[in-house]
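Please look over the sequence and the structure shown below before reading on. The report takes up a pair of helices, the contact between two chains, and one chain as a whole.

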Amino acid sequence: MSTTDTQAPAADQPEAAEEKPNFMRLFGRYLTEANSVMVTIYSLLLAFLIGAILLIVSDEYVRSTYTYFFARPQDALTASWYLVRDSYIALFEGAILNLNMLDRFAAGNAEFGDLLRPLSETLTYATPLIFTGLAVGLAFRAGLFNIGAQGQMIFGMLGALIIGFGLSLPAVIHLPLAIIAGAIAGAAFGAVPGLLKATTGAHEVISSIMLNNIAALFLVWAIGTDFLHSETKTDLITKPVDETAVMPKLLSGLSESLRVNWALPLGILAAVFTWWLLSRSTFGFRIRAVGFNEHASATAGMRIGSTYTTTMAVAGGLAGLAGAALSLGVGSAGLTTNTALEYGFDGITVALLGRANPGGIVAAALLFGALKAGALSAQPDVPVDISTLLQAIIVLFIAAPALVKAILHLRTPRGGLVTLEAKGW
Amino acid sequence: MAVKPFKMALAGFSAVGLAALAACGEAPSENGSGDNADASFLACMVTDSGGVDDKSFNESSWAGMEAAAEENSDIKVELKESSSETDYDPNLQATVDDGCNFIVGVGGLMTENVNAVATENPDIAFATVDGFSEVENVYSIQFDTAQSAFLAGYVAASQTKTGTVATWGGIQIPPVTIFMDGFAEGIKKHNEDKGTDVQLLGWDVEAQTGTFVNTFEDAAAGKSTSDTFITQGADILFPVAGPAGIGALTAASENEDVTAIWVDTDGYESTEYGAELITSAEKGLETALKDSVLAAYDAANGGEAITGSYVGTLANGGVSLAPFHDFDAAVSDETKAELDALTQQIIDGTLVVESAASPKAQ
């Protein structure tokens, strides 16, 4: 009875305050409580569980074994088990460590660099997400919902690209200049919805969505112009950036195929900067105050409008850095209309999962980078859409903690459920 | 009153169980699955950003790969999709790690990435579709679709009643503009030889500028572009835009006097709008891919290595003009004879169809 006590919902048993709170008991309580840490963990577990069910349902062979479930149930059960197990192992191998490659390395047929390739891919795909996640997360803290990271990133891409091929400078100046150009371009584009909100009251969600479309179409047009278009290719692709503006690879000493580059440390730096900005600077205090209660902040003498504009500009600058990371990194051979992928929109999910907190955002970006790298490498045994699917389910649960609480019958923590919300409607 | 979690789970399982009552079929006898699991030769394909269900060149290429596996049970095929060009490198690297014997990169933009991986892995055979490579172990598969589009343009010029035809593209890339160039040249040829004055809307060969909807997916955008051309007097539409081109066919089906010409595949069979289609400018990706996989298999089993390049032309049947189907009676015997003569001239080289996007010859 003593073990079930800790797990059973407390609803029909009033809190036994007189009992001594030992560690195990407190830990058990923590596990069964819908606090933000446990909701995040349970969201991940539930997402992988639902992902497993969808894998089973979508596999033709496994589905066929269910048509004679009662004649030979072991077929369906073993097939399902192997499918789910192999799929998740394949994701792991693509994202963290390839066991097959480990065998080859042990036998002397592979180099150490080959072993690191999955990790390098994870970090490569996580890098732009760190920046866009921060761009969305920072705005969250000011009570702004920045849907416009995609467009800000596109302008950052273009800004970095133009400096990247347009000037010839030594690498020490060229690369930093191109990165700054990306940040400035993103900041300028990001400031627009902030300015519109401050001056006209236009809602930033609407204006930043519209600006995304403008940016995407602008990109298609810009790539086609003589100024940007590749001189050697007729496809819709831009000129490459100069060698001096390319982000150096971090681990090229081990193997050239390790794509992770200096944009990653830059991303970590950006996360530290965002943390400092939010929790240590006066500006960050203003952001949080406005986010908490704009009317009270206004009464206290803070200028709300300029806080909105500056916050959106800084957020845009962070998203612009994601663009610079792409232009000068994996996309340095030339940008196409696809290079930006959906990193800006994925930044929203990253910020939600990271609960708008710089450390959390880096962790969430790493998780999503791992999912993307894993899914890419696990093809064709695992459908490539599995990573998008898992991301979507994770965010669904994160955004609705009440759902997780209801499914797993968790207890309500003191102070209620924590739901991240952007205000302003 | 809270329900215990396991009760909930129990309810869930019984629901699944009830659903499974339908699953009372008989168990099949044990046998292997039909995907050539024990094959000795692994042929792999990496798509470009369109994905494998693009109703265009990724899909046709994959169909060719699967056809090869169908024909030879010792060949297994594997597919990796890319969502942007930043996925090309890891995907190509993964096919190498998977132990693929023949690796196909689809799309001209991937050629450089294929070259880099091929140089590092000289023992593996590679191929690039719609791109040209000079690396020894990379086989280039290209199509001179200007030739089939030329014939399509000639037919269009002979069939128009308003004296105006129109073309528009998905995105301005060589595999698209080559069709538009050929189409324009075909119309020009008809004007010169027959003294007609057929106008082409949507593409200017000299300036290499024209109308593009900037998407291969959005059929609604294709329809509105087509409607605009129809109001400008065009009665034959030549959309070069994959699935977005369907918009031209819906526009044609709504206007009695308007018809269309399809690209890549025989639209009479691949679309639902056969009644609107005079003909199609075909590109034989499926056959070319199938043949190259089979050739690579032979090479790996002691045959001759596949090197150099393949350019699909009218001469080798790699590109062609599809049958007229419902319009067979509408196209005059005179035009048909002229088309045969033009085909012959192109094959023997007395007539050269030029396009800025033509494949580089080996």
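## A helix pair in chain A

Is the crossing of H8(A) and H15(A) left-handed or right-handed? In this predicted model, the crossing of these two helices is right-handed. Helix H8 of chain A covers residues 149-166 and helix H15 of chain A covers residues 343-353, and the two pack with their axes 7 Å apart, at an angle of about 135°. An angle that is neither under 35 degrees, nor over 145, nor from 65 to 115 counts as oblique, and H8(A) and H15(A) are therefore oblique to each other.

The residues that meet are A:Ala149, A:Gln150, A:Gly151 and A:Met153 on the side of H8(A), and A:Tyr343, A:Gly344, A:Phe345 and A:Gly347 on the side of H15(A). Sorted by class, this contact has four nonpolar residues and four polar ones, with no charged residues.

## Where chain A touches chain B

Between the two chains, 36 residues of chain A are in contact with 36 residues of chain B. On the chain A side, the elements that give two or more residues are helix H10 (204-224) and helix H16 (358-378) of chain A. The residues on that side of chain A divide into 19 nonpolar, eleven polar and six charged.

## Chain B as a whole

Chain B has 362 residues, of which 55% count as buried, and its secondary structure includes eleven helices and 14 strands. When contacts in chain B between residues at least 6 apart in sequence are considered, 67% of them join residues at least 24 apart.

Definitions and conventions. Residues numbered from 1 in each chain as written. Chains lettered and ligands numbered in written order. Predicted model: local features only at pLDDT ≥ 70, side-chain atom pairs only at ≥ 80, totals over all residues. Helix = DSSP H or I, 4+ residues; strand = E, 2+ residues; numbered from the N terminus. Buried ≥ 20, exposed ≤ 12 C-beta atoms within 10 Å, placed from the backbone. Contact = placed C-beta atoms within 7 Å. Nonpolar A, V, L, I, M, F, W, Y, C, P; charged D, E, K, R; others polar. Axes fitted to C-alpha atoms, helices over the stretch in contact; angles between N-to-C directions. Left-handed = near helix turned anticlockwise from the far one by under 90°.
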